[in-house]
Amino acid sequence: MTHPSSSFRFFRLVLAAGLLLVVPSALLAQVDPIPGGQLTAADYQRAEAFLSGNLETRLFRAQVSPVFHEGDRFWYRVRVPGGFEFVAVDPERGVREPAFDHSRLSAALSRAANGSFEAWQLPLTSLHRFNPGVEVEVEVEGTRFRCDLGGYECDEVGEPVRPPAGVTSPDGRYTAFRRDHDLWVFDSEEGEEIRLTTDGEERYGYASDSQGWRRTEMPILLWSPDSRRIATYRLDERGVEEMHLLRTAEPRPEHVAWPYALPGDSVVPMLERVVIHLEDRRVVPLETPPDHQRTSSCCGLARGQDWADVEWSRDGSRLAFVSVSRDYRTATLRVADPETGAVRTVLEESHPIFFESHVASGGVPNWRVLDGRREVLWFSQRDGWGHLFLYDLDSGALKNRITGGDWNVLDVTRVDPEAGTLHFTAVGREAGEDPYHRHLYRVGLDGSGLTRLTSESGDHEITLTPSGAFFVARVSTVEVPPVTTLRRTRDGGAVRLLEDADVSELELLGWRPPESFRAKGRDGVTDVYGLLIRPSHFDPEKRYPVVNAIYPGPQTGSVGTRGYAVSRRGQAHALAELGFIVVLVDALGSPLRSKAFHTAYYGDMGDNGLPDQIAAMRELASRHPWIDLDRAGIYGHSGGGFATAAALLRHPDFFHVGVSGAGNHDNRGYTYYWGEKYQGLLTVDEDGVDSYENQANHLLAENLRGRLLLSYGTMDTNVHPNTTLLLIDALVDANKDFDLLVLPNRGHGYANEPYAVRRTWDYFVEHLMGKAPPREYRIGG
């Protein structure tokens, strides 16, 4: 990461004698001395050791990400002391072994590549054409080598064919990519590019990933299983109003503009669905009205490389898709004939607030069309919890409920139509456990035989093998390190241990995991769950300032995984190490609980779950006398930046110091994709008051009493800086002191940039702890 030069100083904005003065904070420090001593560079250096990137190098054998290469056989790469080990697993034989002799392969690659490689530091992140004990192809600095795993000799096979960035077909032959608003494919066998469409134009192109808040050059589409057809769309953005930014450059700034729909806009992007046939390059429009740029689960149109809410039949003869209304309340399942474009509606469901087909952010929509059975697997929260139902494909009639109760289905991991069963993960079903812990289950499509396959308590990260006969289970809790096991899906029985995490180096550093807690929310009845982080040098006889690391959602929460992790929101461990108590709470308005919990402040996003955050912090302080609520801070980025500013403006008696980054401070100026789901469609009443005024931070500027640091990146194309500038303008008009950090040419994701992290530390040390930070400490320097 680059560091801002010394010319980009940290400034405080002050109103004096009717003039806006920009005063370096160093000058203010000369006239406003800070009582209570000073933190040293050594204190910051210790906190730096607790940054997630540094902690991850001390956690071994903790993460297993299987890569399947032949049936159920897989390999994975795992961190070990000194580097990484490649491991091969054969589930049928119950064998786990090194993928190769790391010392011999490093020597062979060193000879072939004229380099010098260590056994545990091979310059590899992936394996190609892996045949255990026989051969493997690897890529080193852009050159492909084929290595004999018997004699350990490596031969150069030239540079690999590099198609344009795109989406690869199931057979591996084609890569679909975009160029000049049209869709193309690269044929790796013939080495040629094939243009599939010819009429794409500016803002009316094929497979365009232009979602306002997110833009990439990757196409959005779904290949048919036989690699002969592509389901995609033509995106009509003509007439959609633009956002504008200026990129800092010499001698003049550079103007950037792009279409970006806002809540209430009359012209918004629309999808015109098509199927493209490779053999004759035929483009078949589907006979259905244009769809809104929506999916039935949050967030965005793609999951990995695949277009979400779209499904091909196994033989490619049928295409199913879900259309979602602009207000997110209605989801409609349709099936199409890819040859003729004919479309038939199967079923439709509406929810009075918003419909979702998955309760977690980034989840693959939980519906499937079962062609052989002429049935549909459907997900619904109609009774307040997320469950599965079976419908008739032909009539659209409900056949039966599959799951039910006060808990949520999470991921449908596998459906076996022939056996009439499915596997899924769920949260909240097991009494006495953290309601966010994931478990794996099997159930019949008729709702019979529900069986839990993960017997241990804890959070389970699950990967099923391609045949569905086995699964890899990584089980842990916030406090207990992970154990990863290969298991049978038949009964959940263990086949063999794969990895048992080694945390000894973390313990030597003095790092300790967060402490889980449960407290009551704003109503004194509803349970909310969270984490508490202490410094490693914690002294129960002292009193500590407390800082809330917030992300309000609504698509996720502050806590993140309920499993073991060294990385927590906002580099919370590092901040705590400076001498703070840091808390993270999943308040009302966050997902994975009941629908009522998730939608608690629908239509009033300014709530941000802050009353629950305050209630939980007060309860923690009543339990722990070392928590000092007279020194309460809060910080966050993006939605967390919005919530942080709201905390100081709506609850100034409780929160005293806040660091707010890249906040969507008025959702009238943020993407319509977001606000129209969680705030609702923008309406104006007879008095001219619109339905979004209740959430706008700048309308509350006069309430600021604490210390507030605002920041934004000048090239943030996700949350446009305009909403922060509106707040700044209102604070100036209200004659309020505040602090501002502007990061030139940064986009939305600067929160973990060393400079931004250090300024956050400085701000809490100075204004919440009451001490002086070391001057211009350089993280990573």
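These are my notebook entries on a few places that I looked up in this structure.

**Entry 1: the model**

I note at the start that I am working with a predicted model, and that the residue numbers I write down count from 1 along the chain.

**Entry 2: salt bridges**

I began with charged side chains, since side chains of opposite charge can pair when their charged atoms come close. I looked up the total for the structure and found 66 salt bridges.

I then went to Asp 459, whose side chain meets that of Arg 438 in a salt bridge, with a distance of 2.7 Å from N to O. Asp 459 belongs to strand 39 (residues 459-464) and Arg 438 to strand 37 (residues 438-444), so this pair ties together parts that are 21 residues apart in sequence. I also asked myself whether Asp 459 is buried or exposed. With a relative accessible area of 3%, Asp 459 is buried, whereas its partner Arg 438 counts as partly exposed at 25%.

Next I looked up Glu 202, which forms a salt bridge with Arg 203, and I wrote down 3.9 Å for the closest N and O atoms. The cut-off for a salt bridge is within 4 Å, so I could see why the 3.9 Å of this pair is accepted. Glu 202 counts as exposed because its relative accessibility is 51% and exposed means over 50%. Arg 203, at 23% relative accessibility, counts as partly exposed.

A further salt bridge joins the side chains of Glu 776 and Arg 775, at 3.6 Å from N to O. In this pair Arg 775 counts as exposed, with 61% relative accessibility, and Glu 776 counts as partly exposed, with 44%.

Finally I looked for salt bridges that link up with one another, and I found a network that includes Asp 226, Arg 228 and Arg 229, together with Glu 279, Asp 280, Arg 282 and Glu 339.

**Entry 3: a patch of negative charge**

Which residues gather in a patch of negative charge on the surface? I found Asp 685, Glu 686, Asp 687 and Glu 693 there. I followed Glu 693 further and placed it in the loop between helix 10 (672-678) and strand 49 (707-713). Glu 693 is partly exposed, and its relative accessible area is 32%.

**Entry 4: helix 12**

I checked the length of helix 12 (residues 754-769), whose 16 residues should span 22 Å at 1.5 Å a residue, and this agrees with the 21 Å that separates its end C-alpha atoms. How many of the 16 residues of helix 12 are buried? I found that 15 of them are, so the helix is largely enclosed by the rest of the structure. After helix 12 comes Gly 770, which has a positive phi, near 80 degrees.

**Entry 5: two buried residues**

I looked up Gly 300, which sits in the loop between strand 24 (291-292) and strand 25 (302-303). Gly 300 is buried, with a relative accessible area of 3%. From Gly 300 to Tyr 436 I noted a separation of 136 residues in sequence, and of 24 Å in space between their C-alpha atoms.

I also looked up Leu 222, which is part of strand 18 (residues 222-223). Leu 222 counts as buried because its relative accessibility is 12%, and buried means under 20%. Between Leu 222 and Thr 168 I noted 54 residues in sequence and 9.8 Å in space, from C-alpha to C-alpha.

Technical notes: This is a predicted model: local features need pLDDT of at least 70, side-chain atom pairs count only at pLDDT 80 or more; totals for chains, interfaces and linings use all residues. Side-chain values use heavy atoms; hydrogens and water are left out. Patches are made of residues with over 30% relative accessible area and no salt bridge: like charges are joined within 9 Å, nonpolar side chains (Val, Leu, Ile, Met, Phe, Trp, Tyr) within 5 Å. Accessible areas come from the Shrake-Rupley method with a 1.4 Å probe; for residues, only the protein chains shown count as cover. Lys and Arg count as positive and Asp and Glu as negative; His and the chain ends are not counted. The place of a charge is taken as NZ of Lys, CZ of Arg, CG of Asp or CD of Glu. Helices (H or I, at least four residues) and strands (E, at least two) are DSSP runs, numbered from the N terminus. Buried means under 20% relative accessible area, exposed over 50%, partly exposed in between (1.4 Å probe, protein chains only). The expected span of a helix is 1.5 Å times one less than its number of residues.
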